[in-house]
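Please open the structure in your viewer and keep the sequence beside it, since this tour moves from one selection to the next and tells you what to look for at each stop.

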Amino acid sequence: MKIHEFQARALLAEYGIPISGGGIASEISQAEVVFTRFAHPTAIAKVQVLMGGRGKAGGVKRISNAAEAREFVAKFLGKPFSTSQSAGESKTVRSILFTEDKKILEEYYLGATIDRSAGNIALLFSKFGGMDIEEIAAKDPDSILKIHFTPEKLPGCDELLLQIKKQITVDKVACAIADIGLKLCRLFIEKDAAICEINPLAMVEGLGVLALDAKIVFDDNASFRHPESASLRDPEEEDVREQLA
């Protein structure tokens, strides 16, 4: 089960992972209020649909003023939206996420997923964020750190720190990433996830590290253990064939 970015961000925050401030506009009348709350002085607007490539399709934009925020929401809300990754299928946009526009100094990739070839779980880190992990692997496979762990034994913070310091030399930043990595591993195990991605995980002014985007997919086979996650499902976004099945 996939969940929207704004839901994934809330789950990261629940596990103590720092995120940029943000809020949802689900009606045109809310656009200016939500924008004003998080603009310093600009904010980032993102259409909320369960597909990748939103930025390239025009669904992510830096917004400069309240009027522009209203215009963006009016353009997409209630309208069909598709990307190069949606195989020609479109989904109706029912909410727009506005987030703080942080000055990014560096972008990283951090994710946890099942490594079927190794028969366990892998925490993946790369100093090259902002692109798909497949693209990173194709361009520079040696840039990806892969740290395996099991549900019974999460990686230790010291172990993560030693690995991350191979790519990140600033101690404060490396420590922050290691802490976030450990929390992401806990989230992955405790919520029976199939994928947990933060891309980008960004170093911002002041050397703080924030999750600026998030993708979480739950393992449907474990849904019986997580009734609390049922409310996160968006049936309108699911493939009709899946619903019938």
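Is phenylalanine 72 buried or exposed? Select this residue to begin, and bear in mind throughout that the model is a predicted one. Phenylalanine 72 is buried, because its relative accessible area is 4%, which falls under the 20% cut-off for that word.

Next, add phenylalanine 76 to the selection. Both phenylalanine 72 and phenylalanine 76 belong to helix α3, which covers residues 66–76, and they sit four residues apart, or about one turn of the helix. Phenylalanine 76 is also counted as buried, at 8% relative accessibility.

Now look at the rings themselves. A pair of aromatic rings is described by the distance of the centres and the angle of the planes. The structure holds four aromatic pairs. In the pair made by phenylalanine 72 and phenylalanine 76, the centres are 4.8 Å apart and the planes stand at 50°, so this pair is tilted. If you then select Phe81 as well, you have one aromatic cluster on the screen, formed by Phe72, Phe76 and Phe81.

For another aromatic pair, move to tyrosine 108 and phenylalanine 125, whose rings are tilted, with 5.8 Å from centre to centre and 45° between the planes. Tyrosine 108 is part of strand β7 (residues 104–115), while phenylalanine 125 is part of strand β8 (residues 120–126), so the pair ties together parts that are 17 residues apart in sequence. Tyrosine 108 is buried, with a relative accessible area of 1%, and phenylalanine 125 counts as buried at 2%.

Go next to valine 60, which you will find in strand β3 (residues 60–63). With a relative accessibility of 32%, valine 60 counts as partly exposed. Which residues is valine 60 in contact with, leaving aside its neighbours within four places in sequence? They are Ile44, Ala45, Lys46, Arg54, Gly55 and Phe72, and the last of these takes you back to the buried ring where the tour began. To get a sense of distance, select arginine 186 together with valine 60: the two are 126 residues apart in sequence, and 30 Å separates them in space from C-alpha to C-alpha.

For the final stop, show the surface and select Leu105, Val170 and Leu207, which together make a nonpolar surface patch of about 210 Å². Leucine 105 lies in strand β7, the strand that also holds tyrosine 108. Leucine 105 counts as partly exposed, at 43% relative accessibility, whereas tyrosine 108 is buried.

Conventions
Residues numbered from 1 in each chain as written. Predicted model: local features only at pLDDT ≥ 70, side-chain atom pairs only at ≥ 80, totals over all residues. Heavy atoms only, no water. Phe/Tyr/Trp six-rings, centres within 6.5 Å; stacked < 30°, edge-to-face > 60°. Helix = DSSP H or I, 4+ residues; strand = E, 2+ residues; numbered from the N terminus. Buried < 20%, exposed > 50% of the residue type's maximum accessible area, 1.4 Å probe, protein only. Contact = heavy atoms within 4.5 Å. Patch = residues over 30% accessible without salt bridge, like charges linked within 9 Å, V, L, I, M, F, W, Y side chains within 5 Å. Areas by Shrake-Rupley, 256 points an atom, 1.4 Å probe, with all protein chains shown as cover. Salt bridge = Lys/Arg side-chain N within 4 Å of Asp/Glu carboxyl O.
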